[in-house]
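Dear colleague,

I am handing over the structure below, together with some notes on what was found in it. Please read them alongside the sequence and the model.

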Amino acid sequence: MTSYFDEHDCEPTNPEEQYRQNALLELARSLMQGLDIDSGWLDVSDWDQRLPPPAAKAVVQSLPLHRITPQQADKGLKCPVCLLEFEEEETVREMPCKHLFHSGCILPWLGKTNSCPLCRFELPTDNSDYEEFKKDKERRRQREHRLEDLHGAMYT
Ligand SMILES: [Zn+2]
Ligand SMILES: [Zn+2]
(Lines give C-alpha, C1' and ligand atoms only; values in the text may rest on other atoms or scores of the structure.)
(Ligands and ions follow the chains in the order given, each with its own letter.)
Protein backbone atom coordinates (compact mmCIF):
# COMPACT_ATOMS: atom_id res chain seq x y z
CA MET A 1 0.00 0.00 0.00
CA THR A 2 1.25 3.49 -0.81
CA SER A 3 1.40 5.93 2.05
CA TYR A 4 -1.10 8.69 2.65
CA PHE A 5 1.53 11.27 1.84
CA ASP A 6 2.42 9.68 -1.51
CA GLU A 7 -1.21 9.64 -2.48
CA HIS A 8 -1.86 13.13 -1.27
CA ASP A 9 1.15 14.88 -2.65
CA CYS A 10 -0.81 17.99 -3.50
CA GLU A 11 0.39 20.53 -0.97
CA PRO A 12 0.12 23.98 -2.51
CA THR A 13 3.45 25.73 -2.82
CA ASN A 14 2.19 29.14 -3.73
CA PRO A 15 1.60 31.31 -0.62
CA GLU A 16 -1.67 32.76 -1.96
CA GLU A 17 -3.09 29.24 -2.41
CA GLN A 18 -1.82 28.27 1.01
CA TYR A 19 -3.51 31.29 2.52
CA ARG A 20 -6.84 30.52 0.85
CA GLN A 21 -6.62 26.91 1.92
CA ASN A 22 -5.96 27.86 5.54
CA ALA A 23 -8.78 30.37 5.44
CA LEU A 24 -11.20 27.63 4.39
CA LEU A 25 -9.97 25.28 7.11
CA GLU A 26 -10.31 28.09 9.66
CA LEU A 27 -13.89 28.60 8.52
CA ALA A 28 -14.60 24.89 8.72
CA ARG A 29 -13.24 24.88 12.29
CA SER A 30 -15.27 27.87 13.38
CA LEU A 31 -18.35 26.19 11.97
CA MET A 32 -17.60 23.08 13.97
CA GLN A 33 -17.34 25.21 17.11
CA GLY A 34 -20.83 26.46 16.43
CA LEU A 35 -19.90 29.90 15.12
CA ASP A 36 -21.94 31.31 12.29
CA ILE A 37 -19.82 31.82 9.20
CA ASP A 38 -22.43 33.38 6.97
CA SER A 39 -21.93 37.00 7.90
CA GLY A 40 -19.66 38.89 5.58
CA TRP A 41 -20.21 36.59 2.62
CA LEU A 42 -23.83 37.30 1.91
CA ASP A 43 -23.56 40.89 0.74
CA VAL A 44 -21.23 39.96 -2.12
CA SER A 45 -23.12 39.13 -5.29
CA ASP A 46 -20.20 37.70 -7.26
CA TRP A 47 -19.77 33.95 -6.73
CA ASP A 48 -16.03 34.36 -7.22
CA GLN A 49 -15.95 36.38 -4.01
CA ARG A 50 -18.03 34.22 -1.72
CA LEU A 51 -18.45 30.65 -0.58
CA PRO A 52 -20.25 28.44 -3.10
CA PRO A 53 -23.67 27.12 -1.96
CA PRO A 54 -24.12 23.88 0.02
CA ALA A 55 -23.32 20.54 -1.59
CA ALA A 56 -26.33 18.65 -3.00
CA LYS A 57 -27.94 16.62 -0.21
CA ALA A 58 -28.04 13.42 -2.26
CA VAL A 59 -24.33 13.73 -2.96
CA VAL A 60 -23.49 14.32 0.69
CA GLN A 61 -25.59 11.34 1.76
CA SER A 62 -23.81 9.10 -0.73
CA LEU A 63 -20.28 10.09 0.32
CA PRO A 64 -18.55 6.77 0.98
CA LEU A 65 -17.64 5.73 4.49
CA HIS A 66 -14.09 4.65 5.04
CA ARG A 67 -12.80 2.52 7.92
CA ILE A 68 -9.41 3.68 9.19
CA THR A 69 -6.85 0.95 8.65
CA PRO A 70 -4.20 0.09 11.27
CA GLN A 71 -1.59 1.53 8.86
CA GLN A 72 -3.42 4.85 8.63
CA ALA A 73 -3.82 4.98 12.42
CA ASP A 74 -0.10 4.16 12.85
CA LYS A 75 0.87 7.04 10.60
CA GLY A 76 -1.11 9.42 12.76
CA LEU A 77 -3.47 10.36 9.95
CA LYS A 78 -5.49 13.38 11.12
CA CYS A 79 -8.83 14.91 10.32
CA PRO A 80 -7.87 18.20 8.61
CA VAL A 81 -10.68 20.11 10.32
CA CYS A 82 -10.30 19.23 14.01
CA LEU A 83 -6.69 17.96 13.75
CA LEU A 84 -7.46 14.92 15.91
CA GLU A 85 -5.78 11.70 14.87
CA PHE A 86 -8.13 9.06 13.51
CA GLU A 87 -8.50 5.92 15.60
CA GLU A 88 -8.03 2.50 14.10
CA GLU A 89 -11.36 1.05 12.89
CA GLU A 90 -12.99 4.46 13.14
CA THR A 91 -15.51 5.10 10.36
CA VAL A 92 -14.96 8.40 8.57
CA ARG A 93 -16.21 10.10 5.41
CA GLU A 94 -14.21 10.03 2.21
CA MET A 95 -14.56 12.93 -0.20
CA PRO A 96 -14.19 12.29 -3.96
CA CYS A 97 -10.74 13.97 -3.69
CA LYS A 98 -9.82 11.12 -1.27
CA HIS A 99 -9.51 13.41 1.74
CA LEU A 100 -10.88 11.87 4.93
CA PHE A 101 -12.88 13.71 7.60
CA HIS A 102 -14.98 12.88 10.65
CA SER A 103 -18.66 12.94 9.68
CA GLY A 104 -19.22 15.48 12.44
CA CYS A 105 -16.55 17.75 10.95
CA ILE A 106 -17.35 17.58 7.24
CA LEU A 107 -21.15 17.27 7.25
CA PRO A 108 -21.93 20.68 8.82
CA TRP A 109 -19.40 22.20 6.42
CA LEU A 110 -21.00 20.64 3.35
CA GLY A 111 -24.31 21.99 4.62
CA LYS A 112 -22.78 25.45 4.13
CA THR A 113 -20.64 25.10 1.04
CA ASN A 114 -19.76 22.48 -1.54
CA SER A 115 -15.98 22.28 -1.51
CA CYS A 116 -13.40 20.21 0.32
CA PRO A 117 -11.89 22.59 2.94
CA LEU A 118 -8.48 21.10 2.25
CA CYS A 119 -8.20 21.17 -1.55
CA ARG A 120 -11.38 22.98 -2.64
CA PHE A 121 -12.56 20.06 -4.74
CA GLU A 122 -16.19 20.98 -5.54
CA LEU A 123 -19.18 18.68 -5.11
CA PRO A 124 -22.31 19.29 -7.21
CA THR A 125 -24.89 21.60 -5.60
CA ASP A 126 -28.70 21.88 -5.68
CA ASN A 127 -28.40 25.56 -6.57
CA SER A 128 -29.27 26.13 -10.23
CA ASP A 129 -27.87 29.69 -10.24
CA TYR A 130 -24.53 28.45 -9.07
CA GLU A 131 -24.47 25.48 -11.47
CA GLU A 132 -25.24 27.94 -14.28
CA PHE A 133 -22.42 30.19 -13.08
CA LYS A 134 -20.01 27.24 -13.10
CA LYS A 135 -20.99 26.23 -16.65
CA ASP A 136 -20.65 29.82 -17.76
CA LYS A 137 -17.21 30.08 -16.24
CA GLU A 138 -16.19 26.89 -18.03
CA ARG A 139 -17.54 28.22 -21.36
CA ARG A 140 -15.63 31.48 -20.88
CA ARG A 141 -12.47 29.56 -20.15
CA GLN A 142 -12.88 27.45 -23.29
CA ARG A 143 -13.55 30.53 -25.40
CA GLU A 144 -10.40 32.18 -24.10
CA HIS A 145 -8.56 29.01 -24.91
CA ARG A 146 -9.86 29.03 -28.49
CA LEU A 147 -8.92 32.69 -28.88
CA GLU A 148 -5.41 31.90 -27.74
CA ASP A 149 -5.23 29.05 -30.25
CA LEU A 150 -6.50 31.33 -32.96
CA HIS A 151 -4.00 33.99 -31.99
CA GLY A 152 -1.29 31.37 -32.02
CA ALA A 153 -2.35 30.15 -35.48
CA MET A 154 -2.38 33.68 -36.89
CA TYR A 155 1.00 34.74 -35.61
CA THR A 156 3.09 31.66 -36.13
ZN1 LIG B 1 -12.55 15.97 12.67
ZN1 LIG C 1 -9.88 17.39 -0.77
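Histidine 99 counts as buried, because its relative accessibility is 3%, and the model in which this was computed is a predicted one. This residue is one of the donors of the zinc ion (ligand 2), which is coordinated through ND1 of His99 and through the SG atoms of Cys97, Cys116 and Cys119, at 1.8 to 2.3 Å. The four donor atoms subtend angles of 105 to 114° around that ion, and the arrangement is therefore tetrahedral. Along the sequence these donor residues of ligand 2 are spaced C-x1-H-x16-C-x2-C. Histidine 99, in the loop between strand 2 (91-94) and strand 3 (100-101), and cysteine 119, in the loop between helix 5 (103-110) and helix 6, are 20 residues apart, and the pair links distant parts of the chain. Cysteine 119, for its part, counts as partly exposed, at 32% relative accessibility.

The other zinc ion to look at is ligand 1, whose protein donors are Cys79 (SG), Cys82 (SG), His102 (ND1) and Cys105 (SG), lying 2.0 to 2.3 Å from it. The site of ligand 1 is tetrahedral, with angles of 97 to 118° among its four donor atoms, and the spacing of these donors along the chain is C-x2-C-x19-H-x2-C. Here cysteine 82, in the loop between helix 4 (70-74) and strand 2, and cysteine 105, in helix 5, link distant parts of the chain, 23 residues apart. Cysteine 82 is partly exposed, with a relative accessible area of 21%, whereas cysteine 105 is buried, with 6%.

With kind regards

Technical notes. Residues numbered from 1 in each chain as written. Chains lettered and ligands numbered in written order. Predicted model: local features only at pLDDT ≥ 70, side-chain atom pairs only at ≥ 80, totals over all residues. Heavy atoms only, no water. Donors = N, O, S within 2.8 Å, 3.2 Å for Na, K, Ca; no water. Tetrahedral: all angles 85-135°; square planar, octahedral: opposite > 155°, others 65-115°. Helix = DSSP H or I, 4+ residues; strand = E, 2+ residues; numbered from the N terminus. Buried < 20%, exposed > 50% of the residue type's maximum accessible area, 1.4 Å probe, protein only.
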